Amino acid sequence: MADSAKVLRLFKTLHRTRQQVFKNDSRALEAARKKINEEFKKNISVTSPEEIEKLIKIGSDVELILRKSVIQGIHTDHNTLKLVPRKDLLTENNPYCDAPAQKP
């Protein structure tokens, strides 16, 4: 795949992730949109394939961190936040077992 296609795909993926992660938070949506666009414009003149791959890797890592690590919080009063995790962040909670399983 050509570098320009990879860059465009990453750009679109970051914006889709931004819309999911910051859903219903117009301030965060706008800040993330500006930051994504700013970073891509800043690096528009990069032509080295190695440098482009490095930047694509950084962008992909950022997308993964946003998707896997960001949880929205809503202020319910001045000292309390209500966390609103997305369904794709919720995983099965397996209790910790200190003793190894016994083999029959």
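**Figure 1. Helices α1, α2 and α3 contribute to the lining of the largest pocket in this predicted model.** Helix α1 spans residues 3-21, α2 spans 26-42 and α3 spans 49-69, and each supplies at least two lining residues. The volume of the largest pocket is about 620 Å³. Its lining comprises 23 residues, and those closest to the pocket centre are L10, E39, F40, N43 and L55. Sorted by class, 16 residues of this lining are nonpolar, four are polar and three are charged.

**Figure 2. Helices α1 and α3 pack at an angle of about 15°.** The axes of α1 and α3 lie 10 Å apart. Angles under 35 degrees count as roughly parallel, and α1 and α3 are therefore roughly parallel to each other. The crossing of α1 past α3 is left-handed. On the α1 side, the contact is made by D3, K6, V7, L10, T13, L14, T17 and V21. The α3 side consists of P49, I52, E53, L55, I56, G59, S60, V62, E63, L66 and R67. The residues of this contact comprise 10 nonpolar, four polar and five charged.

**Figure 3. Helices α1 and α2 pack at an angle of about 165°.** Their axes are 9 Å apart. Because angles over 145 degrees count as roughly antiparallel, α1 is roughly antiparallel to α2. Helix α1 passes α2 in a right-handed crossing. From α1, the residues V7, L10, F11, L14, H15, R18 and Q19 take part in the contact. Their partners in α2 are L29, A32, R33, I36, N37 and F40. Eight residues of the contact between α1 and α2 are nonpolar, three are polar and two are charged.

**Figure 4. Residue L10 of α1 at the two helix contacts and the largest pocket.** L10 is among the α1 residues that meet α3, and it is also among those that meet α2. In addition, L10 is one of the residues closest to the centre of the largest pocket. Two other residues in that central group also belong to helix contacts: L55 in the contact of α3 with α1, and F40 in the contact of α2 with α1.

**Figure 5. The second largest pocket and its lining from α1 and β1.** This pocket has a volume of about 250 Å³. It is lined by 14 residues, with V21, F22, K23, Q72 and V84 nearest the centre. Helix α1 and strand β1, residues 72-77, each supply at least two lining residues. The largest share, three residues, comes from β1. The lining is made up of seven nonpolar, four polar and three charged residues.

Conventions. Residues are numbered from 1 along each chain as its sequence is written. This is a predicted model: local features need pLDDT of at least 70, side-chain atom pairs count only at pLDDT 80 or more; totals for chains, interfaces and linings use all residues. Side-chain values use heavy atoms; hydrogens and water are left out. On a 1 Å grid over the protein atoms alone, a cavity is a set of points where a 1.4 Å probe fits but cannot get out, and a pocket is an open set with protein on both sides within 12 Å along at least five of seven lines; lining residues have an atom within 4 Å of a point. Grid points are joined across faces, edges and corners, and a volume is the space filled by probe spheres set on the points. Helices (H or I, at least four residues) and strands (E, at least two) are DSSP runs, numbered from the N terminus. Ala, Val, Leu, Ile, Met, Phe, Trp, Tyr, Cys and Pro count as nonpolar, Asp, Glu, Lys and Arg as charged, and the others, Gly among them, as polar. Axes are lines fitted to C-alpha atoms, for helices over the stretch in contact, and angles run from 0 to 180 degrees between N-to-C directions. Angles under 35 degrees count as roughly parallel, over 145 as roughly antiparallel, 65 to 115 as roughly perpendicular and the rest as oblique. A crossing is left-handed if the near helix is turned anticlockwise from the far one by less than a right angle, and right-handed if clockwise. Contact means heavy atoms within 4.5 Å.
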